[in-house]
Amino acid sequence: MTRPTFHYVPGSPWSFKTMWLLKLHLISLNVKEPIPILTEQLLRFRLKRHRISFPVLETATGNYFESFDMAQWAEGRSSSGVRLFPEGYAREIAEWNDKSDAMLACGRKTLIKNILEQDEVARAAVAALVPPLKYLGPIGPWFVRAIFGQINRKYAAVHAATNIDLCRKTLAELDAAVRQGNGYVVGGQFTYADITMATALSSIDFLQLPWTRSFLTGLPKQSTVIPGLAEQFPQLLAWRTAILEKHFPSKKPL
Ligand SMILES: N[C@@H](CCC(=O)N[C@@H](CS)C(=O)NCC(=O)O)C(=O)O
């Protein structure tokens with residue numbers, strides 16, 4: 001049987017959380033890194049889909065465009081027997097996934113705003129993304145702003161629906177949930193809710209994710225996160241460290 005193809009953006013939390021669970025399930029994959037702009041257009045054409053965001057999973061029986069759908073697809077195909085959607089918790093886990101998405105979108109919105117509005121951040125992004133452009137004066141920042149302006153427009157509706165107050169509320173709920181759940185978000189056991197919420201914390205405290213190197217490491221740290229929230233919830237960062245230590249499948253490269 002042909003291996004599924006997983007289009008994976010290094011450093012993107014949506015790609016990361018999906019790779020995390022696919023590895024936990026020991027699903028063997030053909031991993032491809034998209035070429036910016038080009039792969040998106042090719043996939044739109046080939047998979048006959050108007051809108052493409054990453055990750056994308058192509059399988060023998062169908063294609064998946066939402067990380068949450070990929071998580072559910074993988075659940076029935078685990079070679080390890082790991083279960084991330086235990087019976088009775090599907091709705092709760094889906095709700096946490098929505099909260100995680102809103103936090104990640106708020107993080108992306110913050111980052112893009114900083115790139116668009118702060119010269120120092122735009123210049124650092126040039127050096128991290130397309131180093132040769134840094135020798136071309138204002139062209140580099142102009143190019144980077146054009147790319148991120150385009151991403152901002154693509155996710156305009158998602159970005160408009162999220163904000164720092166919503167994130168603060170989610171973090172307070174997460175704090176209460178893990179206290180009550182003995183270190184786990186749902187049902188006192190490790191589920192997809194832990195994966196998605198641990199990943200969402202990258203919006204308040206950027207973490208160099210295993211397997212990949214993100215261009216964000218080249219940016220001033222405060223420009224990559226929603227300001228002020230990490231300081232308010234240090235216990236959640238400690239929780240993330242504990243979850244990664246216990247449940248992260250491997251430190252090996254892809
Ligand atoms: N709902 C999607 C969201 C994925 C998403 O937002 N992906 C972003 C990651 S930054 C992306 O593909 N950005 C690149 C682009 O849109 O060109 C999922 O969970 O899979």
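This is a short walk through the structure above, from its domains to its core.

One point before we start. The model is predicted.

Let's begin with the overall layout. The chain splits into domain 1, residues 5-75, and domain 2, which is made of 90-118 + 151-247. Take the centres over C-alpha atoms, and domain 1 sits 20 Å from domain 2.

How do the two domains meet? On one side, 11 residues of domain 1 take part, and they contact 14 residues of domain 2. Look at the domain 1 side of that contact. Helix 1 (13-24) and helix 3 (67-75) each bring at least two residues to it. Helix 1 gives the most, with 7 residues. What is the chemistry on this side? By class, we count 9 nonpolar residues, 1 polar and 1 charged.

Next, the sheet. It is open, with 4 strands in the order 2-1-3-4, and its pairing is mixed. Which strands lie at the edges? Strand 2 (30-32) and strand 4 (62-64) do, each pairing on one side only. Direction ignored, neighbouring strands are turned by 15° against each other on average.

Zoom in on one pair. Strand 1, residues 5-7, runs parallel with strand 2, and 3 bridges join them. For His 7, the bridge partner in strand 2 is Lys 32.

Now a loop residue. Find Ser 79. Its place is the loop between helix 3 and helix 4 (90-117). Is Ser 79 buried or exposed? It has 9 C-beta neighbours inside 10 Å, and a residue with 12 or fewer counts as exposed, so Ser 79 is exposed. Still, Ser 79 has contacts further off in the sequence. Leaving out residues up to four places away, Ser 79 touches His 25, Leu 26 and Ile 27. Compare Ser 79 with Lys 23 as well. They are 56 residues apart in sequence, and their C-alpha atoms are 9.9 Å apart in space.

Last stop, the core. The largest nonpolar core has 57 residues. Which members touch the most others? They are Leu 21, Ile 115, Ala 125, Val 185, Tyr 192, Ala 193 and Met 197. Helix 4 contributes the most to this core, with 9 residues. Both domains feed the core: at least three residues come from domain 1, and at least three from domain 2.

Let's finish on Leu 21. Setting aside neighbours within four places in sequence, Leu 21 contacts Ala 71, Ala 74, Leu 84, Tyr 192 and Ile 195. One of those partners, Tyr 192, is also on the list of core members that touch the most others.

Terms used:
Residues are numbered from 1 along each chain as its sequence is written. This is a predicted model: local features need pLDDT of at least 70, side-chain atom pairs count only at pLDDT 80 or more; totals for chains, interfaces and linings use all residues. Domain bounds come from an automatic or database domain assignment. Two residues are in contact if their C-beta atoms, placed from the backbone, lie within 7 Å. Ala, Val, Leu, Ile, Met, Phe, Trp, Tyr, Cys and Pro count as nonpolar, Asp, Glu, Lys and Arg as charged, and the others, Gly among them, as polar. Two strands pair if DSSP finds at least two bridges between them. Axes are lines fitted to C-alpha atoms, for helices over the stretch in contact, and angles run from 0 to 180 degrees between N-to-C directions. A residue is buried if 20 or more other C-beta atoms lie within 10 Å of its own, exposed if 12 or fewer, and partly exposed in between; C-beta atoms are placed from the backbone. A nonpolar core is a set of buried Ala, Val, Leu, Ile, Met, Phe, Trp, Tyr and Cys residues joined through C-beta atoms within 7 Å.
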